[in-house]
Every structure is written in structure tokens, then in C-alpha cells.
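Student: I have a new model open on my screen and would like to learn how to read it. Could you walk me through a few features?

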Amino acid sequence: MGIVAGLDSSSAFTRIVVCDADTGAVLRQGYAPHPVEAKATEIDPQAWLLSLGEAATGGLLEGVQAIGVSAQQHGLVALDRQGNLVRPALLGNDKRAQVAAADLIDALGGRQAWAEAVGSVPQAAQPVAKLRWMARSEPELAQRVAMVMQPHDWLVWQLLGRPARRTTDRGGASGTGYWSAGSGSYRPDLVELALGHQCALPEVLGPAEAAGTTPEGLLISAGTGETMAAAFGLGVGAGDAVVSLGASGSVMAVHHEALADPSGMITSFADATGMHLPVVHTLNAVRALRGTAELLGLEGLDELSAHALKSTPGSSGLVLLPYLEGERTPQLPHTAGTLSGLRRESMKPEHLARAAFEGMLCSLADAMDVLRRRGVDVRRVFLLGAAAGLPAVQASAPAIFGAQVVVPQPADYAAVGAARQAAWSLGVSQGTLSPAAPPAWQGAAAQVFEPGEDLAVGQAVRQQYGATRDQIHPGAFNPTS
């Protein structure tokens, strides 16, 4: 069928992969950093185009027939009636809209009202909260806003030469706070609630639809957000969950329907295939490991892992509740971490090291249970992040999660997912693929770990953790949520 490209414009760089459209084999790659400060909270979007151009040098895109775009989520690009920028784009790490998000929750009647309306409760990162912040903090600029887009929408629009038609996809739209994954439609009233007036919104395309074709004949697919592109690149499907181990953590799973969660613990995203990606976040994951390593005077996580493997499951009775930054799941925003079960025999470095790993994994298993209790099937868990390669994680995760654990080899999965979407759109346009079935690319190369005979041991570790959690924070984790 030819070759396609996927580009991922993340918060710090642009990465491009050129793939065989039939097999997904990566043929060429390009990379360029964004010309911007690492922790910037706003940016001139032209920086994304400069980075894209640099990443594509050297004939990287020669012979490419279609391009898919993945980009950082929760950015807000506000345009006036002429399509010009009203202000620099606001990025997902901008926390200035925290008060605005709280205002919006109250204005609609509470968390449950938002969950029922759009499948998520406003957070500072979301475009809906950024619009409210603009209306309150920059009213003159807010009044000029006639069109709002997210980063991947804007990049697709630029690649197509800024046509009158402006598009997005289900995945990107589901993170805005004003599009419902459940109903598949915008809530313009929520845009007006936030901004103070109506404005134009991009057309939401189906997973295999093309956004358009460049004058040179290059097909541009719908594009999507980084989370959805990475899931598509990994090849996850029904029965799969993805656990991300960053400083904070997240658990997302493929599901057949959107989940409205009045507690706000579940964020109901749409994916890049027509399914749904409910996500549960934790505020603490690898930061608990790093903190423990520092407390023990160890050089890093590899040393911490080696210490942990000298202990045994259950950490000699030590339990670490890793709520170091407060916690979102369960909702304990003002709490702190807790170390419980101290006895003379348990006060050894190896037991504390293992308790850190078990605490992190049990906390993420709690988050996974939020999804399971809502009917989400989890039989296989993809484990992402540098910490996924630690032997102590791999030794404990299958039994604690109660599922097969897959640790993919590091790769540019968001860019690969964008390329797979491009191949799908290209195949549909050529009549060789169905809009209902994406190209069957080979899955990610990975290590696979089974719970095996350790399943009962993992359940015992979780019971010990759960008993401590419920004793220290009674009622904080509602089993019916």
C-alpha cells in the first residue's frame, strides 16, 4: 500500500516515524526539540512548526503518501475571526486555571453534573477551564476568541494550508471538557459557560476519516491526542489496561462504552478506534520510589530494586501508603504518606525498599479496581515508563494486578500510533481497508510476565495494604465508586 508517516508533537519535541503502511515496520525516523523553555506554560505554536520542519529534514518524508498527527493534550489554541492567534497557546501544564475549574464545577451544579454532561470533572489542564481563566483574567482577549483548537487540531490545519474546514477527532475532543464521549457531541452551552460567549469548534471526525489532502496530494488523517495515539501504537484492545509509571501514575483501559463517574475519579476519554479509554489517575507513583531511595541513601532506583528483592512479599509487615503529594485516587488531597507495621524485625532497608514498590503497585491496583468495579475487563496490563524495567516491579506487578503483565520495549508509540492512523485513512481512501477495522500491524516487542503461582501471594499483599489504608483513612476509598 505504500509508506506513511506519524508525527508526535509532544510538550518538548517533535518525533517522526516513517512506516510501511501494511506491516508497520519503521523505515526512517526524525527528531527535533521544540525551541522553548522546558517548563513553559504557554508557547507560540509556530515553535511546533519549526520543530516539525527540523525533524523532517534530509528527505525524511520522501515518498510518504499519508501523515497522521499526534500532539500533547489539553493545550488551548485560541483564534480570532481571521484565524490569527489571540494569545500564545496555553499548555497542559499551566495550573493557573485551578480556581477557574472549581468555579465551573460549582456553576454547573457540582461534580456529578459534569460527569453526566461530558464524562469528566473540570481540571486546571482542560481547555474548558483555560477558557474560564481567560474570561476572568484576560477579558479583552477572551472577547476576541472566535475559534478554539487543541495542538493536534492546529497542526493538522496548518499542514492542510489553513482551510476553511477545521477538524479534530474523538480522542482529542474528549479531553476538552465540552465534548461528551458518551453522546459523541459537543456541549456548546459549556463553552459559553466558560468563555462567556459561543465560539466555533472543530468538526469531530471518525477514526478512519481523513482531515483532507494537501495541494501536493498528501493525505492527512484526523490526528489525535498523545494518550490515544500511544494506545493505538501499542495495539491495545478490549481486555487490556495500560499502567503508566511516571512521577504520578495512571491506569487506562479499553472499554466499549463511556463511563460517567460522579466521584470524578474516572475521566472518560474516547480512543482512536471508536472505543473508549476510561482513565484513573494517581498523584504518586515513581516519586514514592525516588523518595524511599533518598531516605535510604541509595544512588537510584536500580539500587532500590536490588534491595527490595532481598526482602519477601509483604515486606515483613511494612506497608507504605504512598500518598506523598496528597492523593486523587482515593480523594485525599491534603493527606500525607504513611509507613505502618514497624517492628524491630521489619526495620531493615530491604523491607522498606520492598514496601515502596508494593505500595506504589497496590495504589495503582486500587485505581485499576475503580475501573473493574464499573465492568471494565482487565486481563492483560501494559506497563509503561522507565520504572517498568526494574526487576522489583516485574517480580511483583503480575501478582498484585492479578493479570498478565506486558512490558513493551521503549519506542515512539505515539508517533507509531499516528502513523497507523494515517495508514488506516489511506487504506480507506484507496478501498483496501474498512472504516471499521484498522490495519493489523505487528504488536509491540515486549517481555511478558505471568502471575502464575504467585497470585495468592499478591492477593495477600493487597489485603495487607487495603487493611492499612482503611484503618488510616476509613471511608476514603468507597468500594461503590
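**Reading the model step by step**

Tutor: Gladly! Let us begin with helix H14, which is mostly covered: 15 of its 18 residues are buried. Keep in mind that this is a predicted model.

Student: How far does H14 reach from its first C-alpha to its last?

Tutor: H14 spans residues 413–430 and reaches 25 Å, close to the 26 Å expected at 1.5 Å a residue. Just after H14 comes Gly-431, with a positive phi near 80°.

Student: Let us turn to sheets. What is the order of the strands in the open sheet of seven?

Tutor: Reading across, the order is E18-E19-E17-E16-E22-E23-E24, and the pairing is mixed. Strand E18 (266–270) and strand E24 (446–449) are the edge strands, since each pairs on one side only. On average, neighbouring strands of this sheet are turned by 25° against each other, with direction ignored.

Student: Which helix packs on the sheet?

Tutor: That is helix H12 (residues 349–372), which touches strand E16 (239–245), strand E17 (249–253), E18, strand E19 (276–282) and E22. The direction of H12 makes about 30° with that of E17.

Student: And in which sense do E22 and E23 pair, parallel or antiparallel?

Tutor: Strand E22 (residues 378–384) and strand E23 (residues 404–408) pair in the parallel sense, over three bridges. To find one partner on your screen, look at Val-381, whose bridge partner in E23 is Val-405.

Student: Where do side chains point along a strand?

Tutor: In a regular strand they alternate between the two faces of the sheet. For a residue to explore, take His-281, which is placed in strand E19.

Student: Is His-281 buried, exposed or partly exposed?

Tutor: His-281 has a relative accessible area of 25%, so it counts as partly exposed, because that class lies between the 20% limit for buried and the 50% limit for exposed. Beyond its neighbours within four places in sequence, His-281 is in contact with residues including Gly-249, Ser-250, Thr-267 and Glu-327. Thr-267 is 14 residues from His-281 along the chain, and their C-alpha atoms are separated by 8.5 Å.

Student: Can you show me a hairpin too?

Tutor: Look at E13 and E14, which form one with five residues between them. In the turn, Gly-217 has a positive phi of about 90°. Strand E13 (residues 210–213) and strand E14 (residues 219–221) run antiparallel and are joined by three bridges. Ala-210 stands opposite Ser-221 in E14.

Student: How many aromatic pairs does the structure hold?

Tutor: There are four. In one of them, Trp-48 and Trp-154 have ring centres 5.9 Å apart and planes at 75°, so this pair is edge-to-face. Trp-48 lies in helix H1 (residues 46–55) and Trp-154 in helix H6 (residues 151–159), so the pair ties together parts 106 residues apart in sequence. Both Trp-48 and Trp-154 are buried.

Student: Which residue lies over the face of Phe-13?

Tutor: Arg-15 does, at 4.9 Å from the ring centre.

Student: What else in H1 is worth a look?

Tutor: Try Ala-55, which lies in helix H1. Ala-55 has a relative accessible area of 5%, so it is buried. Setting aside neighbours within four places in sequence, Ala-55 is in contact with Thr-14, Ile-16, Gly-30, Tyr-31, Ala-32 and Leu-60. Ala-32 is 23 residues from Ala-55 in sequence, yet 4.8 Å away in space, C-alpha to C-alpha.

Methods
Residues are numbered from 1 along each chain as its sequence is written. This is a predicted model: local features need pLDDT of at least 70, side-chain atom pairs count only at pLDDT 80 or more; totals for chains, interfaces and linings use all residues. Side-chain values use heavy atoms; hydrogens and water are left out. Two strands pair if DSSP finds at least two bridges between them. Helices (H or I, at least four residues) and strands (E, at least two) are DSSP runs, numbered from the N terminus. Axes are lines fitted to C-alpha atoms, for helices over the stretch in contact, and angles run from 0 to 180 degrees between N-to-C directions. Contact means heavy atoms within 4.5 Å. The expected span of a helix is 1.5 Å times one less than its number of residues. Buried means under 20% relative accessible area, exposed over 50%, partly exposed in between (1.4 Å probe, protein chains only). Rings of Phe, Tyr and Trp (its six-membered ring) pair if their centres lie within 6.5 Å; planes under 30 degrees apart count as stacked, over 60 as edge-to-face and the rest as tilted. A charge sits over a ring if NZ of Lys or CZ of Arg is within 6 Å of the ring centre and within 35 degrees of the ring normal.
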